[in-house]
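Work through the following exercises with the structure open in a viewer, and try each task before reading its solution.

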Amino acid sequence: MMDFWAVLALSLLLGALLALLFAAVSRKNDGTEQTDRNQPQTAAAPPEESSVKAPSSKKLRQQQRKEKLQQHTFSHPLLASSLKSHSGSVTCLDFSSNGKYLASCADDRTVRIWSTKDFLDREHKCLRANIELDHATLVRFSPDTRAFITWLANGETIRIFKMTKKEDGTFSFKAAPEDFPQRHKGIVINIGIAETGKFIMTASVDTTILIWDLKGEVLASINTNQMTTSYAAVSPCGRFVASCGFTPDVKVWEICFTKTGEFKEVTRAFDLKGHSAGVYSFDFSNDSRRMATVSKDGTWKLWDTDVEYKKQQDPYLLRTVPCQVSEGSRIALSPDGRAVAVSSGRDVAVYSAVSGRLEEEFHSVHSEDITDLRFDLNNRFLVCSGDRAIRVFHNVTGYRAAVQDMQALLKKAANDGVRQRLQQQLLDAQKALDALLSAQKS
């Protein structure tokens, strides 16, 4: 009997063990099936989420940088070219006195030197000068094109770079051992170097203009008494320095030297009076006999400055023309005095200086407000900056005015030699104008 109960107990124990083993295996299978069912969903989840979730911070920074550096697209029939080697916003432009080169500086710590003969080519090569541990906000060529001067943003001073021509026709650049001393207390808005090579000018918003010799010694300090200065420049002839600002006039001084080349004094030459509000900017013709001004009053004016100011003769107002302006508007007068360009924000308008008629308008030229506006010395191109690109336009307005002037001179010519020379010049100018106009129509 005891054997029976022993066998029964053993059977029950084995049955319980088998039941427990079966239950454990069943739970394991159920868990495995659950894991297998979820695994494909878990593996597929990241692609679904990645299609909608925000990019990583690194990718976002790269995307923002790419968008920031992307060039602003602009096209126009009169656009000759766009110069695009800078990786930062271009702040200043300057043509060399021989007309062969254009200098540009940007906040990418470089100054670029461009050849004007390449403006119409498909590719535009340039030479690069690096600004160590700083960047230049202003640049100006020396009269002999063997150096250029820059204004350093952080150093707040002048740095001179010598240009040495190499055998292959390119240049090497070397900074002077020492920068000019820091003398300005306000933000410097412009610099210039006289065509005579006798002095350098720096001007700040706090109405201070400093006249320097080429070694960095201050020769004179001028207080413009204009509350704030918006623009200042040296005349192309190298005799005058002018400024404008909050007051509705432009003040002009003569920088006087002795016959032996020593600095003598600064004397007040004349004023341009006629605007009813502050003057944003001005420009000279290449012979310094004409000046153009643009004002907050919504007009630009053309002046005859070929006067005997030492005999108290005032400049003559030749023309007043309404125009679109905005804070920081710039004006450019072509070297021959035939065309006037005015910037307003990101737009440029070109007028005939002879008639005052609006002839061309360029809208949204840059992605930012225009920082500089200039005609080249041969009156062929108008250039401007406002973002990373430099826009180069054909000066069709200048060509038209030149053709009209030559036609008038041809009627008055009494000498056969003069007449033949004018006829050839007129023919060349007319061909160039016709080619540009046909391209504009197409």
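**Exercise 1.** Give the volume of the second largest pocket in this predicted model and describe its lining.

Solution. Begin with the volume, which for the second largest pocket comes to about 660 Å³. Next, look at the lining, which consists of 29 residues, those closest to the pocket centre being Asp-94, Phe-95, Val-234, Pro-236 and Arg-374. Then assign the lining to strands: S2, S6, S10, S14, S18 and strand S26 (372-375) each contribute at least two residues, and the largest share, four residues, is supplied by S10. Finally, sorted by character, the lining has 16 nonpolar, eight polar and five charged residues.

**Exercise 2.** Carry out the analysis for the largest pocket, stating its volume and lining.

Solution. The volume of the largest pocket is about 770 Å³. Its lining holds 34 residues, and Ile-189, Val-205, Thr-229, Ser-230 and Tyr-231 are the closest to the centre. Among the strands that each supply at least two lining residues are S7 (147-152), S10 (188-193) and S14 (229-234). By character, this lining splits into 14 nonpolar, 13 polar and seven charged residues.

**Exercise 3.** Decide whether Thr-202 is buried or exposed, and find which side chains it meets in polar contacts.

Solution. Locate Thr-202 first, in strand S11 (residues 200-204). Its relative accessibility is 0%, and because the limit for a buried residue is under 20%, Thr-202 counts as buried. The side chain of Thr-202 makes a polar contact of 2.6 Å with that of His-184, and another of 2.9 Å with that of Trp-212. Beyond neighbours within four places in sequence, the residues in contact with Thr-202 include Trp-151, Ile-158, Asn-190 and Leu-210.

**Exercise 4.** Examine the salt bridges Arg-159 to Asp-179 and Glu-359 to Arg-400, giving for each the N to O distance, the location of the partners and their accessibility.

Solution. The structure holds 14 salt bridges. In one of them, the side chains of Arg-159 and Asp-179 meet at 2.9 Å, N to O; Arg-159 lies in strand S8 (residues 158-165) and Asp-179 in the loop between strand S9 (171-175) and S10, 20 residues apart. Arg-159 is buried at 15% relative accessible area, whereas Asp-179, at 28%, is partly exposed.

For Glu-359 and Arg-400, the closest N and O atoms are 2.7 Å apart, and the pair joins strand S25 (residues 358-362) to helix H3 (residues 396-412), 41 residues apart in the chain. Glu-359 counts as buried at 17%, while Arg-400 is partly exposed at 21%. As a last step, place this pair in its wider setting: Arg-357, Glu-359, Glu-360 and Arg-400 are linked in a network of salt bridges.

Definitions and conventions
Residues are numbered from 1 along each chain as its sequence is written. This is a predicted model: local features need pLDDT of at least 70, side-chain atom pairs count only at pLDDT 80 or more; totals for chains, interfaces and linings use all residues. Side-chain values use heavy atoms; hydrogens and water are left out. On a 1 Å grid over the protein atoms alone, a cavity is a set of points where a 1.4 Å probe fits but cannot get out, and a pocket is an open set with protein on both sides within 12 Å along at least five of seven lines; lining residues have an atom within 4 Å of a point. Grid points are joined across faces, edges and corners, and a volume is the space filled by probe spheres set on the points. Ala, Val, Leu, Ile, Met, Phe, Trp, Tyr, Cys and Pro count as nonpolar, Asp, Glu, Lys and Arg as charged, and the others, Gly among them, as polar. Buried means under 20% relative accessible area, exposed over 50%, partly exposed in between (1.4 Å probe, protein chains only). A polar contact is a pair of N or O atoms within 3.5 Å; within protein, one must be able to donate a hydrogen and the other to accept it, and residues adjacent in sequence count only if both atoms are side-chain atoms. Contact means heavy atoms within 4.5 Å. A salt bridge is a side-chain nitrogen of Lys or Arg within 4 Å of a carboxyl oxygen of Asp or Glu.
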